[in-house]
Amino acid sequence: MHASVTPLLADSSRPLFEWRWVERNADAILQRLGEHIALTATALGVGLVLSLALATLCLRYRWFYPFVVGAAGALYVIPSLGAFALLVPLLGFTFATSVIPLATYTLLILIRNIVTGVQQVPTEVREAAVGMGFTRRRLLWQVELPLALPVVIAGLRVAAVTTIGLVTVTSLLGNGGLGYFIRAGIQTPIPNPSPIIVGIVLSIALAVLVDLLLWLSERALAPWARRAVR
């Protein structure tokens, strides 16, 4: 993702924040925001699909769970810059170079929450479903995972907010995102606070908005959880 962007404009004497800078760079801001959303959504999507597959295996083969969590934990503690640096020689400065580490950072959170959510399904519910002739696969997808949604979405909320923060680092790879403004503001001959503030504020706002949307989706998809809290 190497689309050209209008150069950031700056003056030699600057106040803390300039609305005129925002007006002059509105197109660049929208483009970088779109890139940030695309990177976040792709990483979360890939991470969720992988986590569902691995969690399904862990639920079927319980001995597999410690190995999966251990591997996901090892990937989680790798510094983001180190992970990107390892992939650059193999994949170059590409979209995939950014997405792969971002997706791996979601695995530990999502796998744990999916497995925990399914394990918390009441035994009598499982027994009733089996008594009605549900197969193991049908039991998982039509009974256990729907009932585990509150726990799964809670993990997804944490993973989403974490990913949005990590995406800012991908600007070092030339893949855009709101981190571009933070880097650009620091690298000018005279540091420019306006792009730095825009990058930080929009990243925080995006994280809050995504977290709110996921919380609302949980309330809509799992209304029984809300009633249980009462």
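These are my notebook entries on one protein chain, a predicted model.

**Entry 1: overall layout**

I began with the secondary structure. I counted 11 helices and 0 strands in the protein chain. Reading from the N terminus, I wrote the order down as α-α-α-α-α-α-α-α-α-α-α. Then I looked up the extent of the chain. Its C-alpha atoms fill a box of roughly 75 × 45 × 25 Å along the principal axes.

**Entry 2: what the record says**

Next I opened the UniProt entry, which is unreviewed. It annotates residues 33-214 as "domain: ABC transmembrane type-1". I checked that span in the model. It is 82% helix and 0% strand. Its end C-alpha atoms lie 19 Å apart.

The unreviewed entry also carries the annotation "transmembrane region". I noted the stretches it covers: 37-57, 64-87, 93-111, 147-174 and 194-216. I looked up two of them in the model. Residues 37-57 are 100% helix and 0% strand, with end C-alpha atoms 30 Å apart. Residues 147-174 are 71% helix and 0% strand. The end C-alpha atoms of 147-174 lie 41 Å apart.

**Entry 3: a helix pair**

Two packed helices are described by the angle between their axes and the distance between the axes. I looked up both values for helix 2 and helix 5. Their axes come within 6 Å and cross at roughly 40°. Angles under 35 degrees count as roughly parallel, and 65 to 115 as roughly perpendicular. Helix 2 and helix 5 are therefore oblique to each other. I also noted the hand of the crossing, which is right-handed.

Which residue classes make up the contact of helix 2 with helix 5? I found 22 nonpolar and 6 polar residues there, and no charged ones.

**Entry 4: the largest pocket**

Rolling a probe the size of a water molecule over the atoms shows where empty space is left. I went to the largest pocket, which holds about 350 Å³ of space. Helix 2 (26-60), helix 5 (95-119) and helix 7 (136-147) each give two or more residues to its lining. So the pair from my last entry turns up again, as helix 2 and helix 5 are both on that list.

Which helix gives the largest share of the lining? I found that it is helix 7, with 6 residues.

The lining has 13 residues in total. Nearest the centre of the pocket I listed Thr56, Leu59, Arg60, Arg136 and Leu140. By class, I noted 5 nonpolar, 2 polar and 6 charged residues in the lining. The contact of helix 2 with helix 5, in contrast, has no charged residues.

How values were computed. Residues numbered from 1 in each chain as written. Predicted model: local features only at pLDDT ≥ 70, side-chain atom pairs only at ≥ 80, totals over all residues. Heavy atoms only, no water. UniProt positions renumbered as here; feature names shortened; annotations may be inferred. Helix = DSSP H or I, 4+ residues; strand = E, 2+ residues; numbered from the N terminus. 1 Å grid on protein atoms, 1.4 Å probe; cavity = no way out; pocket = protein on both sides within 12 Å on 5 of 7 lines; lining within 4 Å. Points joined across faces, edges and corners; volume = space filled by probe spheres on them. Nonpolar A, V, L, I, M, F, W, Y, C, P; charged D, E, K, R; others polar. Axes fitted to C-alpha atoms, helices over the stretch in contact; angles between N-to-C directions. Parallel < 35°, antiparallel > 145°, perpendicular 65-115°, else oblique. Left-handed = near helix turned anticlockwise from the far one by under 90°.
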